[in-house]
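Hi,

Here is the structure I promised to pass on. Have a look at it first, and then read my notes below.

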Amino acid sequence: MTAAPKMCFDRILPRDVLRPQLTTTGPNGTTRAISPRGKSWLNGSNLRVRFMGGSAAEQATAREQALWWADYANLTFDFGNAPDAEIRVSFDTNDGAWSFVGTDSRQMPPNQATMNLGFLDGGTAGHEFGHAIGLAHEHSSPAGGIQWDEPVVLAALAGPPNFWDEATTRHNVFFKYSLDQIHGTAFDPDSIMLYAFPASWTTNGVATHANDILSALDKEFVAGAKMYPKSGPSPSKATVLAVGADRAKADIGKSGEEDLFRFTTDQDGVYQIDTRGQTDVYMKLFGPNSQTALIDEDDDSGYGLNPRISAQLLAGDYYVQIRHYDRSGTGTYSIAVKKR
Ligand SMILES: [Zn+2]
């Protein structure tokens with residue numbers, strides 16, 4: 001019997017598993033790669049990376065493979081080892097390979113790693129940096145059509161090199177996102193976010209092969225409107241909102257378009273940001289003085305289908321990202337921020 005493949009542990013925060021299921025919209029998109037909702041960084045972000053150990057060669061491999069994504073996504077990486085870097089990489093050979101997904105990394109204390117590269121076979125670092133920019137496991141796609149032979153998989157992963165208990169395997173392999181939790185729609189067998197499984201692990205004879213480079217669809221997805229289009233607005237080009245000013249008119253003019261706003265609070269207090277109109281938009285608030293620190297996100301707390309976020313904010317600069325809730329949706333809306 002051959003050893004099971006080395007598996008990546010999918011670090012998903014419990015709240016995602018508990019998030020209530022919403023009605024799904026039909027699979028009408030054309031892109032794949034799966035990205036849990038609400039995990040992507042602001043388009044145009046500069047993500048700082050700190051290495052916590054690792055040899056020069058290991059760090060070089062991690063850098064090189066991280067940059068695979070930057071070739072296509074509108075993201076930059078700064079490997080300057082900033083103490084409060086968004087992505088903190090350890091190289092503990094006893095802890096496998098794993099990464100938090102996208103903005104979840106910000107919820108970890110700054111003295112803890114957000115990614116571990118316990119091995120660096122093939123495209124492992126590229127795969128983990130895929131998680132770090134917000135991608136989930138391709139085998140978690142509900143469109144995958146993989147029917148696990150559960151006893152076989154549980155037995156294989158209980159042994160070396162993974163030594164996973166049943167709960168771990170269930171969470172990490174059998175768990176699938178519901179369609180409303182992901183952005184992708186079709187299964188991509190060539191994705192770097194897929195691991196190799198032998199056909200004996202499935203009851204329907206599906207086998208997958210290891211993918212050590214980005215697939216065409218990986219590149220297309222991260223460059224696309226739902227993730228990090230290079231044509232999209234960068235934080236430096238965000239539309240400025242004045243606190244207390246009249247509502248500003250805005251427009252999701254193209255499918256998948258992202259609107260970006262910024263505002264400055266000159267004193268601490270409770271602030272409310274909301275949209276109005278018939279367009280079902282989704283809001284994320286970042287700050288203070290950070291494009292990567294997610295404060296809150298909201299879908300429908302305001303009037304009708306409009307988002308509203310009320311938060312105790314320190315004096316500083318804040319960013320508001322607005323996207324349509326549906327992959328293909330467009331429409332007009334207005335937005336305002338006021339102090340309460
Ligand atoms: Zn993984």
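To start with, which residues of helix H5 (residues 166–174) are buried? Keep in mind that this is a predicted model. The buried ones in H5 are Thr168, Thr169, Asn172, Val173 and Phe174. They sit on the same side of the helix, because the arc they cover around the axis is only 165°. That fits the usual geometry: an α-helix has 3.6 residues a turn, so residues three or four places apart point the same way.

Next, the strands. S9 (residues 258–265) is mostly covered, with 6 of its 8 residues buried. It pairs with two strands that I looked at:

- Strand S7 (residues 239–240) runs parallel to S9, and 2 bridges join them. Here Val240 has Arg262 of S9 as its bridge partner.
- Strand S14 (residues 316–324) pairs with S9 in the antiparallel sense, over 8 bridges. In this pairing, Thr264 is matched with Asp317 of S14.

The other thing I'd like you to look at is Lys284, which is found in strand S11 (residues 281–286). This lysine is buried yet has no salt bridge. The nearest side chain of opposite charge belongs to Glu297, and at 5.4 Å that is beyond the 4 Å cut-off for a salt bridge. What does the side chain of Lys284 reach at 3.0 Å? The backbone oxygen of Ser40.

Cheers

Notes
Residues are numbered from 1 along each chain as its sequence is written. This is a predicted model: local features need pLDDT of at least 70, side-chain atom pairs count only at pLDDT 80 or more; totals for chains, interfaces and linings use all residues. Side-chain values use heavy atoms; hydrogens and water are left out. Helices (H or I, at least four residues) and strands (E, at least two) are DSSP runs, numbered from the N terminus. Buried means under 20% relative accessible area, exposed over 50%, partly exposed in between (1.4 Å probe, protein chains only). Lys and Arg count as positive and Asp and Glu as negative; His and the chain ends are not counted. A polar contact is a pair of N or O atoms within 3.5 Å; within protein, one must be able to donate a hydrogen and the other to accept it, and residues adjacent in sequence count only if both atoms are side-chain atoms. The arc is that of the directions from the helix axis to the C-beta atoms. Two strands pair if DSSP finds at least two bridges between them.
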